[in-house]
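Good morning, and thank you for joining this session. I should like to take you through one structure, and I ask that you keep the coordinates open while I speak.

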Amino acid sequence: MDTGKQKFEHDRQSGEAFELRFMGWANRAQRGCWYEQSVGNFKDWDLHCPHCGRTVECKSDRLEQQTKNYCFELPLLQASKADILAYETFSDLNTPSGFATIFVMRKLREWCRSYYADHRNALVSGGDRGANKMLLVPRWKLQDVDFKAHVHLTRTRRAAMDELLQKVQQ
Ligand SMILES: [Zn+2]
């Protein structure tokens with residue numbers, strides 16, 4: 001049995017399931033928005049709303065709960081053109097927590113760049129035969145930053161994304 005392939009399939013599926021869950025939340029969170037999934041292996045973002053033009057990258061991380069690290073892949077930080085990164089967390093390996101942490105991508109990228117400057121060993125290799133580079137950041141390091149919000153995917157209906165983006169505009 002090829003467990004590597006199986007795990008990849010599982011991750012891909014749970015990633016797509018999160019995109020749909022987050023899209024449902026985002027469409028409820030703000031009147032008039034209708035987010036759409038990008039087609040195929042589009043690198044710039046995962047979700048786009050033609051109403052406000054906002055774009056979202058979705059990441060589902062089953063290990064964050066165990067490792068207490070956020071894991072930001074380098075291609076995600078460097079290549080994504082999304083306004084928002086939606087980061088899904090899990091209660092255990094197979095149970096989504098029902099919450100997502102949303103980051104303002106531009107601010108997160110700046111923050112990670114300066115974090116990496118002081119923590120070179122935070123950049124590790126992993127994923128497909130170690131070909132992916134990722135930055136591991138202990139969760140508490142991002143505890144008090146102002147470019148992040150916590151949303152409950154079935155309850156938070158207010159315009160949390162708007163408020164977050166407005167807050168960091170100054
Ligand atoms: Zn919109």
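I shall speak about the strands, one helix, the nonpolar core and two lysines.

Please bear in mind that this is a predicted model.

Let me begin with the strand pairings. Strands β3 and β5 run parallel to each other, paired over five bridges. Strand β5 also pairs with β6, here in the antiparallel sense and over seven bridges. These two strands, β5 and β6, make a hairpin, with two residues between them. Across that pairing, isoleucine 84 stands opposite valine 104 of β6. As general background, the strands of a sheet pair through backbone hydrogen bonds, in either a parallel or an antiparallel sense.

There is also an open sheet of three strands, with the order β4-β8-β7 and antiparallel pairing. Strands β4 and β7, the latter covering residues 123–126, stand at the edges with a single partner strand each, so each has one side without a neighbour in the sheet. From one strand to the next, the twist averages 40°. The pairing of β4 with β8 is antiparallel and extends over five bridges. There, cysteine 71 stands opposite leucine 136 of β8.

I turn now to helix α4. This helix covers residues 105–118, 14 residues in total, and spans 20 Å from its first C-alpha to its last, close to the 20 Å expected at 1.5 Å a residue. Which residues of α4 are buried? They are Met105, Leu108, Trp111 and Cys112. Viewed down the axis of α4, these buried residues fall within an arc of 120°, so they line one face of the helix. In general, an α-helix has 3.6 residues a turn, so residues three or four places apart point the same way. The face of α4 turned away from the buried side carries exposed residues, namely Glu110, Arg113, Ser114, Ala117 and Asp118. What do the buried residues of α4 pack against? Their partners are the strands β3, β4, β5, β6 and β8, together with helix α3, residues 74–79.

Next, the core. The largest nonpolar core has 35 residues, and those with the most contacts inside it are Phe22, Val56, Ile84, Leu85, Ala86 and Ile102. Helix α1, residues 3–29, gives the most to this core, contributing five residues. Isoleucine 84, which we met in the strand pairing, touches Arg54, Val56, Ile102, Phe103, Val104, Met105 and Met161, leaving aside residues up to four places away in sequence.

Finally, the two lysines. Lysine 59 lies in strand β3, and its bridge partner in β5 is tyrosine 87. Is lysine 59 buried or exposed? It is buried, because 22 other C-beta atoms lie within 10 Å, and the cut-off for a buried residue is 20 or more. Lysine 59 touches Leu76, Leu85, Tyr87 and Glu88, again leaving aside residues up to four places away in sequence. Between lysine 59 and aspartate 46 there are 9.4 Å in space, C-alpha to C-alpha, and the two are 13 residues apart in sequence.

Lysine 68 is found in the loop between α2 and β4. This lysine counts as exposed, because it has 10 C-beta neighbours inside 10 Å, and the cut-off for an exposed residue is 12 or fewer. Lysine 68 also has a positive phi of about 60°, although it is not a glycine. For context, most residues other than glycine have a negative phi.

Notes:
Residues are numbered from 1 along each chain as its sequence is written. This is a predicted model: local features need pLDDT of at least 70, side-chain atom pairs count only at pLDDT 80 or more; totals for chains, interfaces and linings use all residues. Helices (H or I, at least four residues) and strands (E, at least two) are DSSP runs, numbered from the N terminus. The expected span of a helix is 1.5 Å times one less than its number of residues. The arc is that of the directions from the helix axis to the C-beta atoms. Two residues are in contact if their C-beta atoms, placed from the backbone, lie within 7 Å. Two strands pair if DSSP finds at least two bridges between them. Axes are lines fitted to C-alpha atoms, for helices over the stretch in contact, and angles run from 0 to 180 degrees between N-to-C directions. A nonpolar core is a set of buried Ala, Val, Leu, Ile, Met, Phe, Trp, Tyr and Cys residues joined through C-beta atoms within 7 Å.
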